[in-house]
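Dear colleague,

Please find the structure below, handed over for your reference. A summary of what was found in it follows.

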Amino acid sequence: MRRIMTAALIAAPLLSAAAGAEQVGEVGVDWVGNDILIEAIEDPKVQGVTCHIAYFDRSFFDRITQGNWFEDPSNASIACRQTGPIKIGDIDRGPGGEKVFSESRSLIFKSLKVTRIFDEAHQTLIYLTHATELTEGSAKMSISTVPLYGSE
């Protein structure tokens with residue numbers, strides 16, 4: 001119920017998860033209702049790979065007392081694993097990789113992104129999660145790798 005009230009009051013469409021993300025866990029952090037949310041995201045172009053992202057979700061009370069109503073912290077952690085037979089589709093194989101997932105973390109200026117990079121020489125998929133901020137950028141990032149040894 002708290003989550004529904006918070007979302008309704010804090011511009012729900014702007015903070016909702018992107019299609020394909022499924023919340024699989026929620027851990028209470030403190031008595032004011034701040035939580036760590038865990039979402040599962042299946043790579044849409046690589047069958048058999050699922051990433052789990054953990055990030056901080058500010059409570060309604062925290063937003064009132066701390067200000068900055070429309071922004072969540074940039075911190076996020078990612079772990080990607082093989083969850084079935086891996087079949088690589090038409091992916092970007094360049095060094096800049098390809099966006100797999102993105103969701104808003106503020107009203108307009110910040111988003112949480114997951115980018116996939118294919119390290120062909122080492123037969124490894126690299127998944128990078130980071131925040132983008134228009135004014136300062138963000139050095140907070142996390143990576144996870146999925147080896148393709150023995151895969152198609």
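**Ile-36 and the sheet around it**

Ile-36 belongs to strand β2, which covers residues 35-42. Please note that the model is predicted.

Ile-36 has a relative accessible area of 34%. Because buried means under 20% and exposed means over 50%, this residue is classed as partly exposed. Together with Val-27 and Val-29, Ile-36 forms a nonpolar patch on the surface; the accessible area of the three together is about 210 Å².

As to the sheet, 4 strands make up an open arrangement in the order β1-β2-β3-β4, with antiparallel pairing. Its edge strands are β1 (21-28) and β4 (76-88), each of which pairs on one side only. From one strand to the next, the twist averages 15 degrees.

On one side, β2 pairs with β1 in the antiparallel sense over 7 bridges. Among the bridge partners, Ala-21 is matched with Ile-41 of β2, and Gln-23 is matched with Glu-39 of β2. The hairpin of β1 and β2 has 6 residues between the strands, and Gly-33 in this hairpin takes a positive phi near 100 degrees.

β2 also pairs with strand β3 (residues 46-57), again in the antiparallel sense, over 8 bridges. Here Ile-36 stands opposite Phe-56 of β3. The connection from β2 to β3 is a hairpin through 3 residues.

Yours faithfully

Technical notes: Residues are numbered from 1 along each chain as its sequence is written. This is a predicted model: local features need pLDDT of at least 70, side-chain atom pairs count only at pLDDT 80 or more; totals for chains, interfaces and linings use all residues. Side-chain values use heavy atoms; hydrogens and water are left out. Patches are made of residues with over 30% relative accessible area and no salt bridge: like charges are joined within 9 Å, nonpolar side chains (Val, Leu, Ile, Met, Phe, Trp, Tyr) within 5 Å. Accessible areas come from the Shrake-Rupley method with a 1.4 Å probe; for residues, only the protein chains shown count as cover. A salt bridge is a side-chain nitrogen of Lys or Arg within 4 Å of a carboxyl oxygen of Asp or Glu. Helices (H or I, at least four residues) and strands (E, at least two) are DSSP runs, numbered from the N terminus. Buried means under 20% relative accessible area, exposed over 50%, partly exposed in between (1.4 Å probe, protein chains only). Two strands pair if DSSP finds at least two bridges between them. Axes are lines fitted to C-alpha atoms, for helices over the stretch in contact, and angles run from 0 to 180 degrees between N-to-C directions.
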